[in-house]
Amino acid sequence: MDAPPGAGAVTVERAAPAGARGAGAGVNGPAVLAPRARLWPALGAVYRAQLSRARVARIPLLFVATFQSLGIMILMRGVVDGGAEARAVVAGSSVLVVAFVALNLLAQYFGQLRASGGLDHYATLPVPAASVVLGAAAAYASFTVPGVLVTAVAGSVLFQLPLGGLWVLVAVIPLAGAALAGLGAALGLLAPRPELATLCGQLGMSAALLLGVLPAGGMPLVVQWVRDLLPSTYGVEAFARTFEARPDWGAVLLDLGVCAAVGVLSLALATRAYRWAATR
């Protein structure tokens with residue numbers, strides 16, 4: 001039978017059984033195969049599967065990430081009184097939770113998945129490569145929401161910063177999470193060994209820690225250039241601006257726009273890295 005128009009189905013010829021050919025019941029006809037899964041339904045399925053799988057294993061690590069950021073803010077409270085330094089510490093510590101989970105843990109996950117042959121399973125599924133990368137990245141980034149909120153509120157109270165701008169985290173968390181998750185996935189997929197993927201993820205998280213929490217004004221010019229290359233920097237800057245008495249919302253939107261653009265590029269890189277790793 002013919003495939004419905006526009007359905008994208010694939011047809012193959014199915015031969016009749018040998019014993020039925022002489023009886024007239026073995027007329028050859030096309031058999032319709034299921035169409036390839038679309039991006040968004042496949043992404044939702046991968047997201048739910050990853051969220052369910054990582055719920056038990058990753059929640060303890062989320063507590064570690066949150067306590068790490070809280071400890072950094074408590075230590076910095078002894079040397080920072082307020083002003084731009086306090087805003088940088090709170091914003092950087094909040095985004096550091098995203099970096100720990102979305103960059104560090106996702107790099108380890110994809111590195112182990114590639115080393116164990118788990119990519120072969122995904123490669124056999126009729127789903128787009130982008131859905132696998134985006135679904136895993138979204139699941140890992142979702143775990144950062146409680147930790148970021150707890151860190152941001154605790155830091156604002158600790159450094160006596162206004163709480164009115166915390167709503168901007170609704171944009172900062174997904175945009176910074178997408179940028180860092182794409183980078184983490186790319187590092188895990190491109191690393192030739194899982195140990196190197198873990199090392200790259202930890203180095204990336206350390207860079208987000210040192211260059212995101214510390215105020216940029218006192219850094220050398222070369223270090224400031226390196227800081228500008230980090231995807232998390234623009235999320236930190238956007239969040240830090242909201243603590244000012246009169247936030248420059250145009251600059252906040254610009255930082256969020258740059259963070260979104262970097263997120264698109266990093267996820268595209270991760271998708272290409274997945275296709276390369278799955279076909280090797």
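**A colleague's note on this helical model**

1. Let me start with helix α5, where the buried residues are Thr144, Gly147, Val148, Thr151, Ala152, Gly155 and Ser156. These residues span an arc of only 150 degrees around the axis, which puts them on the same side of α5. The spacing fits a general rule: an α-helix has 3.6 residues a turn, so residues three or four places apart point the same way. Please keep in mind that this is a predicted model.

2. The dimensions of α5 are worth a glance too. The helix runs over residues 144-158, 15 residues in total, and its first and last C-alpha atoms are 21 Å apart. That span is close to the 21 Å expected at 1.5 Å a residue. After α5 comes Gln160, which has a positive phi, near 55 degrees.

3. For the overall layout, the protein chain has 10 helices and 2 strands. In sequence order the pattern reads β-β-α-α-α-α-α-α-α-α-α-α. Of the 280 residues in the protein chain, 44% are buried.

4. One helix pair deserves your attention: α2 (residues 83-116) and α7 (residues 194-213). Their axes come within 8 Å and cross at roughly 170 degrees. An angle over 145 degrees counts as roughly antiparallel, and α2 and α7 are therefore roughly antiparallel to each other. The residues of this contact divide into 14 nonpolar, 11 polar and no charged.

5. Now to the charged side chains: how many salt bridges are there? The count comes to 3. One of them joins Glu195 and Arg193, with the closest N and O atoms 3.6 Å apart. Glu195 is partly exposed, at a relative accessible area of 47%, while Arg193 counts as exposed at 52% relative accessibility. The cut-off for exposed is over 50%.

6. Another salt bridge pairs Glu237 with Arg227, and here the closest N and O atoms are 2.8 Å apart. Glu237 lies in helix α9 (residues 232-241) and Arg227 in helix α8 (residues 221-229), so the pair ties together parts that are 10 residues apart in sequence. Is Arg227 buried or exposed? Arg227 is buried, with a relative accessible area of 5%, whereas its partner Glu237 is partly exposed at 22%.

7. Arg241 and Asp255 also meet through their side chains in a salt bridge, at 2.8 Å from N to O. This pair links distant parts of the chain, with Arg241 in helix α9 and Asp255 in helix α10 (residues 249-278), 14 residues apart. Asp255 is buried, with a relative accessible area of 9%, and Arg241 is partly exposed at 24%.

8. A last look at the α9 and α10 region brings in Ala251, which is placed in helix α10. Which C-alpha atom is separated from that of Ala251 by 8.1 Å? It is the C-alpha of Arg241, and the two residues are 10 residues apart along the chain. Ala251 has a relative accessible area of 16% and is buried, since buried means under 20%. Arg241 thus appears twice in this note: in the salt bridge with Asp255, and in the C-alpha separation from Ala251.

Key:
Residues are numbered from 1 along each chain as its sequence is written. This is a predicted model: local features need pLDDT of at least 70, side-chain atom pairs count only at pLDDT 80 or more; totals for chains, interfaces and linings use all residues. Side-chain values use heavy atoms; hydrogens and water are left out. Axes are lines fitted to C-alpha atoms, for helices over the stretch in contact, and angles run from 0 to 180 degrees between N-to-C directions. Helices (H or I, at least four residues) and strands (E, at least two) are DSSP runs, numbered from the N terminus. Angles under 35 degrees count as roughly parallel, over 145 as roughly antiparallel, 65 to 115 as roughly perpendicular and the rest as oblique. Ala, Val, Leu, Ile, Met, Phe, Trp, Tyr, Cys and Pro count as nonpolar, Asp, Glu, Lys and Arg as charged, and the others, Gly among them, as polar. The expected span of a helix is 1.5 Å times one less than its number of residues. Buried means under 20% relative accessible area, exposed over 50%, partly exposed in between (1.4 Å probe, protein chains only). The arc is that of the directions from the helix axis to the C-beta atoms. A salt bridge is a side-chain nitrogen of Lys or Arg within 4 Å of a carboxyl oxygen of Asp or Glu.
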